[in-house]
Amino acid sequence: MRATELKQGGARKPRLTLDSLVETSAGRIVVRVGMLLAFLGTWQMVGNDTIGLLFPTFGRTLAAFWSLVSDGTLQLALLITNQTLVAGFALILLIGIPAGIVTARIKLVDSIVTPYLSFLVAIPIIALIPVIQALLGLTFGARVTVVTLFGIPYVIINTAVAVRRVDPVLTEMAASFGASRWVIMRDVVLPAAVPGIMAGIRIALGQALIGMVVAELTIVGAGVGSLIADLQGRFRVAPVLAIAVTIVLEGVLLMTIVEWIERRLGRWSQS
C-alpha cells in the first residue's frame, strides 16, 4: 500500500524546517538577516524621539552615528582607545601563555601563582583602579595595566589547564624516541593544547574590551571614554548609544577574527 502511494505520488519532498534551513550557508544568512531586521524594527518601534532624553529610535541613533563619523570625532576616539586595547591584549598574550605553560609544568610556580589568579578572578578589577592610579598616575601605562588585569587571568588559567590535560602517553612516546623537552613542547604539547588556549584568549578578549572602556571612564578622559563622558554630561543619549553599538560591533569583529585564527590553528594542530 505504502509503495503504491509513493509510486503514484512520487517521492515526497523533505519538509522545510528551521533546523534544515540553517544547515545551509544561504539559509543561515537568511535567518541572521531576518533576525537583524526584526531586532532593528523592534528598536525603531520602542524608541521615542519626542524628547532627547528618552531611549532613541534606531533612525535617530543611526543619524547620531553618521554625525560622529562625518566630522571624524568617532574615528579619532576609536584610534586612541584601540591603542590601549592593542597594547594591553599584546601583554596578555605575551605574558599569559608562557605563564600558563610554566604554571602547568612547575608545581612550585603553580602553588605561588594560583592564589593570585583566584584573587584576580574573584574580585571586580574596578576595585583595584584607585591603587593602579596611585601607582602609575593618569597615564597610558595605567590604562594598559587595567586592560591587562581584566584579561590575563583567563589566558593563564586556560593555558595551564589545557597543558595539564595533554595525554601523557603522547609525551612519553615522544620522549621514548629521544625527543628533547623543547621538541616535545613544540610538537606535542602546544598543538594538543591549542583548543584550550584559544578558549582562554576568546574570554580574555571580551574582558579586555570591557577593561578598555572602564579604564578610560575611571582613570582619565581619553578616546571613547572621554567622548562618552562628554556626551553624557550634555544628556545626548543617541550619540552615546551609537558609540556603545560601535564598540559592540568592534567586539563582534574581533571575536570573528579570533575564531578564524582558532580554525587555522586547529588544522595545524591536527596535521
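The following paragraphs go through the fold, the nonpolar core, the aromatic pairs, the salt bridges and a surface patch of this predicted model.

The protein chain contains 12 helices and 0 strands. Read along the sequence, its pattern is therefore α-α-α-α-α-α-α-α-α-α-α-α, with helices and strands both taken as DSSP runs. Of the 271 residues in the protein chain, 33% are buried.

The unreviewed UniProt entry lists several spans under "transmembrane region": residues 21-45, 51-69, 76-101, 113-132, 144-163, 183-201, 208-228 and 240-261. Two of these spans can be compared with the model. Residues 144-163 are 100% helix and 0% strand, and the C-alpha atoms at the ends of the span are 28 Å apart. Residues 240-261 are likewise 100% helix and 0% strand. For that span, the end C-alpha atoms lie 32 Å apart.

The interior comes next. The largest nonpolar core has 40 residues. Within this core, the residues with the most contacts are F89, I92, I201, V224 and I243. The elements that each give two or more residues to the core are α5, α8 (140-164), α10, α11 (223-233) and α12. Helix α10 supplies the largest share of the core, 15 residues.

The aromatic side chains form another group of contacts. The structure holds 3 aromatic pairs. In one of them, the ring centres of W43 and F55 are 6.4 Å apart and the planes meet at 40°, so the pair counts as tilted. This pair links distant parts of the chain: W43 sits in helix α3 (residues 25-46), while F55 is in the loop between α3 and α4 (58-70), 12 residues apart. W43 is buried because its relative accessibility of 10% falls under the 20% limit. F55, in contrast, has a relative accessible area of 44% and is partly exposed.

W43 also pairs with F58, and here the geometry is edge-to-face, with 5.3 Å from centre to centre and 65° between the planes. This pair too links distant parts of the chain, as W43 lies in helix α3 and F58 in helix α4, 15 residues apart. F58 has a relative accessibility of 25% and so counts as partly exposed. F39, W43, F55 and F58 together form one aromatic cluster.

Charged side chains provide a further set of contacts. The structure holds 4 salt bridges, three of which are described here. What does the bridge between E262 and R202 tie together? The side chains of E262 and R202 meet at 2.3 Å, N to O. E262 lies in helix α12 (residues 237-270) and R202 in helix α10 (residues 181-218), so the pair ties together parts that are 60 residues apart in sequence. Helices α10 and α12 are also among the elements that give two or more residues to the largest nonpolar core. R202 is partly exposed, at 27% relative accessibility.

Another salt bridge joins the side chains of R186 and D187, at 3.0 Å from N to O. Both partners are partly exposed: the relative accessible area is 38% for R186 and 42% for D187. In a further bridge, R234 meets D230, and the closest N and O atoms are 2.8 Å apart. R234 is partly exposed, with a relative accessible area of 47%. D230 is partly exposed as well, at 38%.

The last feature is on the surface. Which residues make the nonpolar surface patch of about 500 Å²? The patch is made by V102, I106, L108, I112 and Y116. Helix α6 (residues 107-122) gives the largest share of the patch, 3 residues. I106 is placed in the loop between α5 (73-105) and α6. Why is I106 partly exposed rather than buried? Its relative accessible area is 41%, and partly exposed residues lie between the 20% limit for buried and the 50% limit for exposed, so I106 falls in the middle class.

Definitions and conventions. Residues are numbered from 1 along each chain as its sequence is written. This is a predicted model: local features need pLDDT of at least 70, side-chain atom pairs count only at pLDDT 80 or more; totals for chains, interfaces and linings use all residues. Side-chain values use heavy atoms; hydrogens and water are left out. UniProt positions are given in the numbering used here, feature names are shortened, and annotations may be inferred rather than shown by experiment. Helices (H or I, at least four residues) and strands (E, at least two) are DSSP runs, numbered from the N terminus. Patches are made of residues with over 30% relative accessible area and no salt bridge: like charges are joined within 9 Å, nonpolar side chains (Val, Leu, Ile, Met, Phe, Trp, Tyr) within 5 Å. Accessible areas come from the Shrake-Rupley method with a 1.4 Å probe; for residues, only the protein chains shown count as cover. Buried means under 20% relative accessible area, exposed over 50%, partly exposed in between (1.4 Å probe, protein chains only). Rings of Phe, Tyr and Trp (its six-membered ring) pair if their centres lie within 6.5 Å; planes under 30 degrees apart count as stacked, over 60 as edge-to-face and the rest as tilted. A nonpolar core is a set of buried Ala, Val, Leu, Ile, Met, Phe, Trp, Tyr and Cys residues joined through side-chain atoms within 4.5 Å.
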